[in-house]
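Subject: Structure for your review

Dear colleague,

Here is the structure we talked about handing over. My notes on it follow below.

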Amino acid sequence: MKHQADKIIDYSAKELLIAQHPLFFWQKKFQLPIHLYYAPTIRSNLRAFKKVFKQYYPKGRVCFAAKACTHQSILKIVKAEGCGSDVASYNETRCALEAGLSPKMLDLNGNCKEDFLIEEAIKKGMNIIADSLEEFALIARLADQLAKKTNVLLRISGYQLENVTADSVFTAGLWTKFGVHLDDVPQLIKSLDRYPQINFLGFHTHIGSQVAQLKPYQAVLGKMIEMGHLLKATGRECQVINIGGGFPIRYVEKETWDYIVKRIKQGYLRAQKGDMSRVFVWHDGLAGFVGESDALIHLDRWTGERFYTKYPKEQMLAALLRGNIIVNKKTVKAVAALKALGEPLLTIEPGRSVVEDAGVTLAKVGIVRKVARDHNLITLEMGITCHGESLIERPVKKWEILNNYQKKDKAAFEAFVGGNLCFSGDMISKYKVFLQRKPVRGEVVLIHDTGAYSSSLFAANSNSFPRPARVLVDERGRITAIKKRDAYKQIFV
Ligand SMILES: Cc1ncc(COP(=O)(O)O)c(C=O)c1O
C-alpha cells in the first residue's frame with residue numbers, strides 16, 4: 001500500500017505512523033487525549049479548491065473559515081496558499097492579521113458583531129458581511145462616523161430548502177438567526193443611495209455545514225444571481241457573490257452509509273416489536289428519520305446530517321460550476337450565468353472541508369462493558385467536550401484501534417462510545433462504531449476526521465479535566481503547539 005504524502009496516516013510503513021510519528025511517540029511525548037492536525041492535508045485541500053476555480057471560473061476566491069480551526073500556524077498556511085479567511089470574532093481577526101493576511105482578504109461574518117469589531121473592520125478595509133437589516137444600518141452609521149468608504153455584502157437567508165443538513169447547522173432557511181430574508185432584499189437594494197459610505201459589493205449565503213447534496217448550492221447561487229441583476233438594474237455592479245462554506249466530507253463510503261441507515265431502520269423496527277437486540281442508535285432512536293411512520297422510513301426523507309456525499313470537498317464546487325442553475329425561471333449554465341452578471345468574484349468560505357480530514361484524535365480506552373442488557377459500550381478517558389460535534393449532532397466517523405492495528409476479528413466489534421464526564425449525555429458516539437476487534441483497557445483508539453470544530457468548539461474543563469493538547473505537524477514531522485494541555489493552574493485561574 002503506497003502512502004499519499006498529504007494523508008495524515010501512513011499505513012504503508014512497517015509501523016503505523018500518525019502525522020509522521022508512531023503511537024509510542026505521541027504517548028510518550030504528550031498525554032492522551034490529543035488532537036493532531038497535519039499541514040500537508042490542509043495545503044492540499046486548499047489547493048484542490050483553487051484548482052477547481054482555475055479550471056472552471058478563474059475569478060474565484062477561497063476564504064478559509066477560521067472558526068473551523070483557528071491558529072496562526074494554520075492561517076499562515078492559508079496565506080501561503082494565496083487564500084483569504086472568513087473571520088467571525090475579534091480574536092479570529094487578530095489571529096488572521098498577525099498571520100500576515102491582508103485585511104482585504106478578510107471577510108467579517110457573525111450575527112452579533114460588537115461595535116468595536118465593526119469599527120476595526122472599517123478602519124482596516126476588511127469586507128463586512130451585514131447579517132441583518134439592523135446591522136446594515138449600524139455599519140452604515142459607523143462608516144459615516146469614521147468617514148470611511150466600507151465594503152459590505154448582504155447575507156441572505158429565508159430560502160425554501162428541505163432536508164439539507166442537521167437543523168443545528170442549517171443557516172439559510174426561515175428559522176435561523178442568520179441573514180436577511182430573501183423577500184426583504186429588493187427593498188434594501190432600492191435604498192442603497194441613502195448610504196454614501198457603503199460600497200455595496202454583493203451577496204452572501206452560507207447554507208450550513210456538511211451540505212451533502214448539490215441542489216441547495218444550485219438553488220442559492222441562482223437566487224443570488226437574481227439579486228445581482230436587481231442590483232445591476234439600479235445602475236450598480238454586483239462585484240461579489242459569496243456562497244459560503246458547507247462543502248461536505250465523505251466520512252464513510254456509500255456502502256457503509258447505506259449499511260448504517262439499514263441498521264438504523266432495522267434496529268428501530270425490531271425494537272417496536274419488542275426485540276432490542278439490533279438497536280443501532282443510542283436510546284433506540286430513529287436518528288434522521290424522526291417523526292416518520294414505519295412505511296416512510298426512506299433515505300430521501302432523512303432530516304439529519306448526511307455522512308456520505310457524492311461530491312466531497314472541492315468536488316461540490318466543481319459540480320456546481322459544471323452544472324446548471326435556475327435564474328429567473330430559466331435553466332442556464334452556472335458559469336454562463338455568472339458571466340452574464342458581469343463576472344463577479346465568486347467567494348467560498350470552506351472550513352470543515354479544509355481541515356476536517358487533516359485532523360485525528362487519539363484517546364485511551366477505559367472500560368469496555370455492556371449496557372441496556374446486551375449492547376457494547378466503550379468508555380474513553382476523554383469527555384464529549386473533546387469531541388464537540390457530538391453535542392451538536394450524532395457524528396458518524398471511522399474509528400480504529402491503534403495497538404496491533406492489523407489484528408482483526410472476522411466480524412467488526414460494534415459499540416456505543418461514552419466519555420468520562422458525569423452526565424448521561426456525555427456520549428461520544430450514539431451510533432455504534434465499528435472496530436477491528438474488542439479493545440482492552442489502556443489501548444488507544446483513533447477517531448478519523450476531527451480537524452474541524454470538534455476539538456475546540458466546546459472545549460471545557462468539565463469535571464476539572466484538562467483540555468487536551470492540540471498540535472499541528474508539518475511535512476517534515478515538526479510540531480507546533482496550537483494549544484498546550486491545561487496544567488492544574490490553568491484550570492483554576
Ligand atoms: C458564515 C460561515 N461561513 C463558512 C462557514 C464554514 O462552514 P463549513 O465548515 O461547513 O465549511 C461557517 C461555519 O459556521 C460560517 O458560519
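**Salt bridges**

Glu 305, Arg 352, Glu 356, Glu 389 and Lys 397 are joined in a network of salt bridges. Please keep in mind throughout that this is a predicted model. The structure holds 24 salt bridges, and three further pairs are described here.

Glu 81 pairs with Arg 43, with the closest N and O atoms 3.3 Å apart. This pair links distant parts of the chain, since Glu 81 sits in the loop between H3 and S5 while Arg 43 belongs to helix H2, 38 residues away. Glu 81 has a relative accessibility of 10% and therefore counts as buried, the cut-off being under 20%.

Lys 483 and Asp 486 also meet through their side chains, in a salt bridge of 3.4 Å from N to O. Lys 483 counts as partly exposed at 24% relative accessibility, whereas Asp 486 counts as buried at 6%.

Asp 6 forms a salt bridge with Lys 7, and here the closest N and O atoms are 3.7 Å apart. Lys 7 is partly exposed, with a relative accessible area of 37%.

**Thr 450 and the network**

Two members of the network, Glu 356 and Lys 397, come up again around Thr 450. Thr 450 lies in the loop between strand S20 (444-447) and S21. With a relative accessible area of 2%, Thr 450 is buried. Which residues is Thr 450 in contact with, leaving aside its neighbours within four places in sequence? They are Tyr 37, Glu 356, Gly 359, Val 360, Thr 361, His 387 and Lys 397.

**Lys 67 and helix H3**

The unreviewed UniProt entry annotates Lys 67 as "modified residue: N6-(pyridoxal phosphate)lysine". In the model, Lys 67 is found in the loop between strand S4 (60-65) and helix H3 (72-80). Its relative accessible area is 31%, so Lys 67 is partly exposed. Neighbours within four places in sequence aside, Lys 67 is in contact with Asp 86, Ala 88, Glu 92 and Tyr 453.

Helix H3, on the far side of that loop from S4, has several buried residues: Ser 73, Ile 74, Leu 75, Ile 77 and Val 78. What covers the buried residues of H3 includes three kinds of neighbour, listed here by type:

- helices: H2 (39-56) and H4 (90-98)
- strands from the earlier part of the chain: S4 and S5 (84-87)
- strands from the later part of the chain: S21 (469-473) and S22 (479-483)

H3 is followed by Gly 82, which has a positive phi, near 75°. Glu 81, the partner of Arg 43, is in the loop between H3 and S5.

**The annotated domain and active site**

The unreviewed UniProt entry also places the feature "domain: Orn/DAP/Arg decarboxylase 2 N-terminal" at residues 44-255. Over residues 44-255 the chain is 39% helix and 17% strand. The end C-alpha atoms of that stretch are 26 Å apart.

From the same kind of record, an unreviewed UniProt entry, comes the feature "active site" at Cys 422. Cys 422 lies in the loop between strand S18 (413-418) and strand S19 (427-435). Is Cys 422 buried or exposed? At 69% relative accessibility, Cys 422 counts as exposed, the cut-off being over 50%.

**Packing of H8 and H10**

Two packed helices are described by the angle between their axes and the distance between the axes. For helix H8 (residues 214-233) and helix H10 (residues 314-322), the angle is about 50° and the axes are 10 Å apart. H8 and H10 are therefore oblique to each other, and H8 passes H10 in a right-handed crossing. On the H8 side, the residues that meet H10 are Leu 214, Tyr 217, Gln 218 and Leu 221. On the H10 side they are Met 316, Ala 319 and Leu 320. An α-helix has 3.6 residues a turn, so residues three or four places apart point the same way.

**Ala 271**

Ala 271 is found in helix H9 (residues 254-272). Ala 271 is buried, with a relative accessible area of 11%. Not counting residues up to four places away in sequence, Ala 271 touches Met 276, Val 279 and Asp 284. Ala 271 and Trp 175 are 96 residues apart in sequence, and their C-alpha atoms are 33 Å apart in space.

Best regards

Methods: Residues are numbered from 1 along each chain as its sequence is written. This is a predicted model: local features need pLDDT of at least 70, side-chain atom pairs count only at pLDDT 80 or more; totals for chains, interfaces and linings use all residues. Side-chain values use heavy atoms; hydrogens and water are left out. UniProt positions are given in the numbering used here, feature names are shortened, and annotations may be inferred rather than shown by experiment. Helices (H or I, at least four residues) and strands (E, at least two) are DSSP runs, numbered from the N terminus. Buried means under 20% relative accessible area, exposed over 50%, partly exposed in between (1.4 Å probe, protein chains only). Contact means heavy atoms within 4.5 Å. A salt bridge is a side-chain nitrogen of Lys or Arg within 4 Å of a carboxyl oxygen of Asp or Glu. Axes are lines fitted to C-alpha atoms, for helices over the stretch in contact, and angles run from 0 to 180 degrees between N-to-C directions. Angles under 35 degrees count as roughly parallel, over 145 as roughly antiparallel, 65 to 115 as roughly perpendicular and the rest as oblique. A crossing is left-handed if the near helix is turned anticlockwise from the far one by less than a right angle, and right-handed if clockwise.
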